[in-house]
Amino acid sequence: MSAINETHPEEFILLGFSEQPWLELPLFILLLIAYPMSIMGNITIILVSKLDTQLHSPMYFFLTNLSFLEICYSTSAVPQMLYNLGSSKKTISYIGCAVQLYFFSTMGTTESLLLAIMSFDRYLAICRPLHYPLIMNHCFCTLLVSMGWLCGTIYVVFEVTVVLQMPLCGNNKLDQLFCEIPVLIKTVCGEKEAAEFELSVACIFIGVIPLCFIFASYASIGRAMLKIKSSEGRKKAFGTCSSHLIVVFLFYGPGISMYLQPPSSISRDQPKFMGLFYVVVTPTLNPFIYTLRNKDVKGALGKLGRSIFCFK
């Protein structure tokens, strides 16, 4: 075992699915397929949104930022997971764990805020169409995204720094596939109730408030859609929102479903599958959701494909 100082270990042992070793090979294959798909899918969304002038609008500006965020989100955890699943040594250095905590938590927090910003964009586009071009200019969109990244980063720097300063008393086993704040808090020795309470309060500000804002935005959008007389107009309005609603459900749904369960009914492996869902499934599905359900993106992809084919 690695040398351990008084408060913090030199490295952590990631237990993962150590009690179900038969799961490691299927998971390794799944990650090996899904991770490149996620990267390529999100890069495609970014390229299409930048190259096609018809997609130079606030909605696709935010979508580009979401795709970039998803790339960073999965990259913060998946390469290390692949390395550990393909190796007999399931460890990560203390510094590596700290860096992963900062990056992974920043991506998750910023995505929550960005999804709220995207719902505000859809609210203005449908409920305030005459004011939309004036309000959602490029400078204001850039300001919104910058504020999302800044707020997410500031929160995470504070939260993770506090968690990393807590004494571990030699505990170096994390019951997860990668480093994340709730798992690290569980290894803290001594009083941890204050840290858990602080984490719960932070989740309200970072998760619950943006979600309530999204619900409020779509409640207003729903009322506005009911006032649209033509079925074609309602269909178009719904089409611009459906993809975002599916992504919101994928981001918040699993977490809410787990937290609504009684603690006694949550299995030991459930948080691990939850972590896999957020770093693998969501970043892989999002490009398909925005591509398959969006005529503009499908058309832009077709033009890009034809231009590449003609160039060859």
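In what order do the strands of the open sheet sit? Okay, let's start there. This is a predicted model, by the way, so keep that in mind as I talk. The open sheet is formed by 3 strands, and the order is β2-β1-β3, with mixed pairing. Now look at the edges. β2, residues 91-93, and β3, residues 173-174, each have a single partner strand, so each has one side with no neighbour in the sheet. Strand β1, residues 11-14, runs parallel to β3, and 2 bridges join them. If you want to find one of these on screen, go to isoleucine 13: its bridge partner in β3 is lysine 173. Then there's helix α4, residues 94-127, which packs on the sheet and touches β1, β2 and β3. The direction of α4 makes about 85° with that of β2.

Let me step back to the whole chain for a moment. We have 11 helices and 3 strands. Going along the sequence, you read β-α-α-α-β-α-α-α-β-α-α-α-α-α. There are 312 residues, and 49% of them count as buried. And here's one for contacts: take those between residues at least 6 apart in sequence, and 79% of them join residues at least 24 apart.

Back to α4, then, and a helix it meets. When two helices pack, people describe them by the angle between their axes and the distance between the axes. For α4 and α6, which is residues 138-164, the axes come within 8 Å and cross at roughly 145°. The crossing of α4 past α6 is right-handed. What kinds of residues make that contact, by class? You get 19 nonpolar, 8 polar and no charged residues.

Next up, the cores. The largest nonpolar core has 64 residues. Among the residues with the most contacts inside this core are Leu31, Phe62, Leu115 and Ile221. Lots of helices chip in: those giving two or more residues include α1 (24-51), α2 (58-75), α8 (193-227), α9 (231-259) and α10 (270-292). Which element gives the most to this core? That's α4 again, with 11 residues. Let's zoom in on leucine 115. Setting aside neighbours within four places in sequence, leucine 115 is in contact with Ile214, His244, Val247, Val248, Phe251 and Tyr252. Apart from that core there's another one, of 24 residues, and Phe12, Val160, Leu168 and Val188 are among them.

Now a small helix to click on, α3. Is α3 enclosed or open? Well, 6 of its 8 residues are buried, so the rest of the structure largely encloses α3. The buried ones are Val78, Gln80, Met81, Leu82, Asn84 and Leu85. Just before that, in the loop between α2 and α3, you'll find serine 76. Serine 76 has 13% relative accessibility; the cut-off for buried is under 20%, so serine 76 counts as buried. Leaving out neighbours within four places in sequence, serine 76 is in contact with Gln100, Phe103 and Phe104.

Last stop: cysteine 189, in the loop between α7 (181-186) and α8. Cysteine 169 is 20 residues apart from cysteine 189 along the chain, yet their C-alpha atoms are separated by 6.1 Å. Not counting residues up to four places away in sequence, cysteine 189 touches Pro167, Leu168, Cys169 and Asn171. And with that, over to you.

Terms used: Residues numbered from 1 in each chain as written. Predicted model: local features only at pLDDT ≥ 70, side-chain atom pairs only at ≥ 80, totals over all residues. Heavy atoms only, no water. Pairing = 2+ DSSP bridges. Helix = DSSP H or I, 4+ residues; strand = E, 2+ residues; numbered from the N terminus. Contact = heavy atoms within 4.5 Å. Axes fitted to C-alpha atoms, helices over the stretch in contact; angles between N-to-C directions. Left-handed = near helix turned anticlockwise from the far one by under 90°. Nonpolar A, V, L, I, M, F, W, Y, C, P; charged D, E, K, R; others polar. Core = buried A, V, L, I, M, F, W, Y, C linked by side-chain atoms within 4.5 Å. Buried < 20%, exposed > 50% of the residue type's maximum accessible area, 1.4 Å probe, protein only.
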